[in-house]
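The following exercises concern salt bridges and strand pairing. Please study the sequence and the structure, attempt each task, and then read its solution.

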Amino acid sequence: MNLKFYNTLSNTEQEFISIEENKVKLYTCGPTVYNFAHIGNLRTYIFEDILKKVLEYNNYEVNHVMNITDVGHLQSDADDGEDKMKLGAIRENKDVLEIARFYEDAFVSDLEKLNIKLPNKMPRATEHVDSMIKTIKKLEENGYTYIANNNVYFSIDKFKDYYKLANLSMEELQAGSRIEVDKFKKNPLDFVLWFGNSKYEDHILKWDSPWGVGFPGWHIECSAMAMEYLGDSLDIHCGGIDHIPVHHTNEIAQSEGAIGHKWVNYWMHGEFLVVDNGKMSKSSGEFLTLNKLIKDGFDPLVYRYYVLQSKYRKPLAFSYDRLKDAGKALDSLKSKISNILNNIDSDLIVDTNKVTLYKDKFKQHINNDLNLSNAFTVLFDVIKDDALNNLEKKVLIEDFDTVFSLNLLVSDSEILSDEKINYIEALIKQRNEHRKNKEWQKSDEIRDLLLEEGVKIEDSRNGTTWTLI
């Protein structure tokens, strides 16, 4: 059963054939750790997680590398604006690396809450500047660079097919990137590999280099670190669609300029999360984080489930009403599964033919460019199929959830110890006493404490109930 993915480079769906049999070298663009990841960013990481788990479902060994950008990423992909790391340090009155480590930890925590499997390697840009310098020197030796205003530029005119990924002309790329005119560039789309003379003299992180003291451009870090850990031929490179016209286009140019041959076979990109008809962005200062959703009473896996209902290549409109609907749907799904699990007789046996038939259907859909909508249809068919016994259903649900990663077989009672359950229920009893005495502030304090511990409570005529989030 062949795997098929949409390849941005060819603008078509293609059968996936790995460079090395049963192994995949996967690189995904990671966060710039100057602030929390917003839920639009996290949609991309969920898509990449599904991709990796589909590959693993097909028995591939995936070597996954994701960078951590803690230096060199300016506000614009086109070499203008201020350094995001510096802006974060100023905003919070902290050291740049303190900022980086804090938000890196927060990012990893978000991934874990969403059941996203961590990469094999998460190299930091600040720890790989030597690799970037070596890559720039190679480009210099191969005739792709020039020096102006003490900066090292990549000359796109020297690289054939610069426009092949975005499939746009120079004029279209230039118009779309809103480039601030740099009088030192020979071509407006040339980009900086090494800043020796940034217009911001007080740039915090700097290193010695053959071109003087300075810091690397943003684009070079991904090429250098991907090649250091995955070699000079990659199977798949992923990111958001906003990376296509500038960042990934530049990655291809500098990587292939350095190694002299094709670098990546399959480029895959996730679409935007859309809020109020526009993509979610940190530039406005208003954005939703996973912790904000948790504080508003949503289980992180409700957001994962919400994302999985949409094709990764289509924009996904976000609203709290839609998220609530997803929560109700996931609760209903888990309730049906719980009923199955609670009614498995000890004498049941598994008919492997029936199980294999459903596994093949599931695999057929996930292998068709990650068609999760149809994969969920297979799951629902399993649940309602009277020809399957409950043990067979459990086996299939468990198998499918290796891709979905929604903890479909896990109940609240399995997650919590008896002591924890008693603790929660004691707090709820105490809160109800405060409510009875109209001590609303104390009641709210207990509610907030439970929320911080991942417990959502709901009051109704029938009393107070709680669920994990």
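**Exercise 1.** Determine whether Glu256 is buried or exposed, and describe its salt bridge.

Solution. Step 1: Glu256 has a relative accessible area of 10% and is therefore buried, where buried means under 20% relative accessible area, exposed over 50%, and partly exposed in between (1.4 Å probe, protein chains only). The model is a predicted one, in which local features need pLDDT of at least 70 and side-chain atom pairs count only at pLDDT 80 or more, while totals for chains, interfaces and linings use all residues. Residues are numbered from 1 along each chain as its sequence is written, and side-chain values use heavy atoms, with hydrogens and water left out.

Step 2: The side chain of Glu256 forms a salt bridge with that of Lys164, at 3.0 Å from N to O; the term requires a side-chain nitrogen of Lys or Arg within 4 Å of a carboxyl oxygen of Asp or Glu. This pair links distant parts of the chain, 92 residues apart: Lys164 lies in the loop between strand 6 and helix 5 (170-177), and Glu256 lies in helix 7 (residues 244-259). Helices (H or I, at least four residues) and strands (E, at least two) are DSSP runs, numbered from the N terminus.

Step 3: Lys164 is partly exposed, with a relative accessible area of 30%.

**Exercise 2.** Identify the residue with which Asp459 forms a salt bridge, and state the accessibility of both partners.

Solution. Step 1: The partner is Arg431, at 3.0 Å from N to O. Asp459 belongs to strand 14 (residues 455-460) and Arg431 to helix 15 (residues 418-436), so that the pair links distant parts of the chain, 28 residues apart.

Step 2: Asp459 is partly exposed at 37% relative accessibility, whereas Arg431 is buried at 4%.

**Exercise 3.** Which residue forms a salt bridge with Glu458, and which residues are joined into one network?

Solution. Step 1: Glu458 forms a salt bridge with Lys456, their closest N and O atoms being 3.3 Å apart.

Step 2: Lys4, Glu13, Lys311, Arg313 and Asp369 are joined into one network by salt bridges that share partners.

**Exercise 4.** Describe the open sheet of four strands.

Solution. Step 1: The strand order is 5-6-7-8, with antiparallel pairing; two strands pair if DSSP finds at least two bridges between them. At the edges, strand 5 (145-148) and strand 8 (215-216) each pair on one side only.

Step 2: Strand 6 (residues 151-154) and strand 7 (residues 191-195) pair over three bridges, and Val152 has Trp194 in strand 7 as its bridge partner.
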